[in-house]
Amino acid sequence: MKKVKLGILISGRGSNMQALMKACQNYGFPAEMACVISNNNKAAGLKVAEQAGMPTFVVENKPLDVDKIHEILVQHEVNLVCLAGFMRILKADFLNKWHGKVINVHPSLLPSFKGLNAQEQALKAGVKVTGCTVHYVTSEVDAGAIIAQAAVPVLPNDDIHSLSKRILSEEHKCYVEAVRLIAMLSRKLERP
């Protein structure tokens, strides 16, 4: 059975990329890694990907070279683009080309706490539960259709670090599950 090919975009350590990479190593997982692209040539995740034998690429950051990203993704026959700690907003023309094929993980239960510093926003709001969301990427930040979510309790003694660590642990599981669901659905859609 044909696997969905993933293109992973990172800016930093790539822990969500690593979770996806580990899942893709399982024989029955319906997706495989095709390439890793970063807008940061010092991203720690690039070394991890290179050591795993993944094709890796660095693209111009300012301005972000979305044409090069598109070219690399097409060259590697990517079916699904996974933003994994990619700290740049993709332009509408790129998202139009990849409509319904770009997903992201965000550290809150969307639609609450969009944008940067979601964990800090949750702590300041005094919520008792937050979490993470995997969603489709649209031109409006953190507003695309939700694929999967995982809840994380906010503990009385939490600070940004402790809460972020627990949310990140759930992100790794939630992202893998979302990719699995999308890949399984796309397989079913391809059948005559």
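**Exercise 1. Determine which residues N79 touches, leaving aside its neighbours within four places in sequence, and describe its setting.**

*Solution.* In this predicted model, the residues in contact with N79, apart from those within four places in sequence, are K3, V4, K5 and K101. Next, locate the residue: N79 lies in the loop between α3 and β4. Then consider its accessibility. The relative accessible area of N79 is 32%; since buried means under 20% and exposed over 50%, N79 is classed as partly exposed. Finally, the C-alpha atom of N79 is separated by 17 Å from that of T56, a residue 23 places away along the chain.

**Exercise 2. Two residues other than glycine, E77 and D142, have a positive phi. State where each is placed, and decide whether each is buried or exposed.**

*Solution.* Begin with E77, whose phi is about 55°. E77 comes just after α3, in the loop between α3 and β4. Its relative accessibility is 53%, so E77 counts as exposed. Turn now to D142, with a phi near 55°. D142 is placed in the loop between β6 and β7. At 9% relative accessibility, D142 counts as buried.

**Exercise 3. Identify the buried residues of helix α3 and establish what they pack against.**

*Solution.* Helix α3 spans residues 66-75, and its buried residues are V66, I69, I72 and L73. These residues lie on the same side of α3, because they cover an arc of only 120° around the axis. Their packing partners are the strands β1 (4-10), β2 (31-38), β3 (56-58) and β4 (80-83), together with the helix α4 (92-97).

**Exercise 4. Describe the two sides of helix α2 and what follows the helix.**

*Solution.* In α2, which runs over residues 44-51, G45, L46 and A49 are buried. Their arc around the axis is only 105°, so they fall on the same side of α2. K47 and Q51, on the other side of α2, are exposed. The cover over the buried residues includes β1, α1 (15-24), β2 and β3. After α2 comes G53, which has a positive phi near 85°.

**Exercise 5. Explain why strand β6 is described as largely enclosed, and find its strand partners.**

*Solution.* Strand β6 comprises residues 129-136; 6 of its 8 residues are buried, and therefore the strand is largely enclosed by the rest of the structure. One partner is β5 (residues 102-106), which pairs with β6 in the antiparallel sense over 4 bridges. Within that pairing, H106 stands opposite T133. Another partner is β7 (residues 146-153), which runs antiparallel to β6 and is joined to it by 7 bridges. Here H135 has I146 of β7 as its bridge partner.

**Exercise 6. Characterise the largest pocket by its volume and its lining.**

*Solution.* The largest pocket holds about 920 Å³ of space. It is lined by 35 residues, of which G85, F86, M87, N104 and V105 are the closest to its centre. The elements giving two or more residues to this lining are α1, β5, α5 (118-125) and α6 (160-190). Among the contributors, α6 gives the most, with 5 residues. Sorted by class, the lining contains 14 nonpolar, 15 polar and 6 charged residues.

**Exercise 7. Locate the cis peptide bonds that involve P63 and P111.**

*Solution.* P63 belongs to the loop between β3 and α3. Its cis bond is with K62, and omega there is about 0°. P111 is found in the loop between β5 and α5. A cis peptide bond joins P111 to L110, with omega about 15°.

Methods
Residues numbered from 1 in each chain as written. Predicted model: local features only at pLDDT ≥ 70, side-chain atom pairs only at ≥ 80, totals over all residues. Heavy atoms only, no water. Buried < 20%, exposed > 50% of the residue type's maximum accessible area, 1.4 Å probe, protein only. Arc of directions from axis to C-beta. Contact = heavy atoms within 4.5 Å. Pairing = 2+ DSSP bridges. 1 Å grid on protein atoms, 1.4 Å probe; cavity = no way out; pocket = protein on both sides within 12 Å on 5 of 7 lines; lining within 4 Å. Points joined across faces, edges and corners; volume = space filled by probe spheres on them. Nonpolar A, V, L, I, M, F, W, Y, C, P; charged D, E, K, R; others polar.
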